[in-house]
Amino acid sequence: MKKFACTAIIIFSLISLAGTALAWHDKTHLAVAKVAKYRMWYNAAGPDIAKIKAGDVEGYNHWYNNNWKSEVIPQTVTSQINRYNKANVLLDIDGHLYGAIIASLREYEASLASGKYGEYHLVYCAHYIGDLSMPLHNVPYDDYNKNHHSVNDGIVDQEVLEHPEKIERHMYRITLRDNSFENDLIREIVRIANISRLLGYKMQAENRNMTPEEAYIQLGHSASLLKAVLQHYKKL
Ligand SMILES: [Zn+2]
């Protein structure tokens, strides 16, 4: 009986750790895709809409809670790729945002190769690249995260679409070589994930929200990476 109670407590805490974080609000996702010059920018919030019907099957693609606060390394990304579109609350309590970026592009390429319409896979990728720079999608979903999540999701949402220049001034060139595209992309996901999680820890240590300036710097990382991905696929 005691053993059962212990197991139940462990399972319950794992499930509550998984959480259901939201994401940058809609206009913020749209703005990232728009400044990256993605022609289908107006769909970039769609993957959040998919969550209300697909539930955790889609939800786990949007965050990596990094419950052990570990440095993100290439292996962190590659180990998540085959978890795309799966929701195993016991084996995948951290979520798999980083792997979802790679997996959605693999599905995009597979669709193109088979002559199907693949664009929506690229839309998913554009959204996940947006989530990558949201600090609270890269840190444990603890009380601080729960209490501060929604306000930080919307920190610049009211004005961002009218002020693309506020993201553009933080954009920079990212090179993803055609002959090592996936490895280069993994390297960039790792780099941005670590920047984002460290900002998340800083905000938590100071018990505060992001400043608008910090948010725009973060969005600049997402927009720069999305632009590099679009360049690779000759979408610009
Ligand atoms: Zn999202």
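Which exposed residues does the face of α3 turned away from its buried side carry? The legends below address this point first. The model is predicted: local features need pLDDT of at least 70 and side-chain atom pairs pLDDT 80 or more, whereas totals for chains, interfaces and linings use all residues. Residues are numbered from 1 along each chain as its sequence is written, and side-chain values use heavy atoms, without hydrogens and water.

**View 1. The two faces of helix α3 (residues 46-54).** Helices are DSSP runs of H or I with at least four residues, numbered from the N terminus. I49, I52 and K53 are the exposed residues (over 50% relative accessible area, 1.4 Å probe, protein chains only) on the face turned away from the buried side. P47, D48 and K51 are buried (under 20%). These three cover an arc of only 105° around the axis, and therefore lie on the same side of α3; the arc is taken from the directions from the helix axis to the C-beta atoms.

**View 2. The contact of α3 with α7 (residues 119-132).** The axes, lines fitted to C-alpha atoms over the stretch in contact, come within 8 Å and cross at roughly 100°. The two helices are therefore roughly perpendicular (65 to 115 degrees). P47, D48 and A50 of α3 meet V123, Y124 and H127 of α7, with contact meaning heavy atoms within 4.5 Å.

**View 3. The surroundings of S150 in helix α8 (residues 143-153).** S150 is partly exposed because its relative accessibility is 41%, between the two limits stated above. Its C-alpha atom is separated by 8.4 Å from that of W24, 126 residues apart along the chain.

Methods. Axes are lines fitted to C-alpha atoms, for helices over the stretch in contact, and angles run from 0 to 180 degrees between N-to-C directions. Angles under 35 degrees count as roughly parallel, over 145 as roughly antiparallel, 65 to 115 as roughly perpendicular and the rest as oblique.
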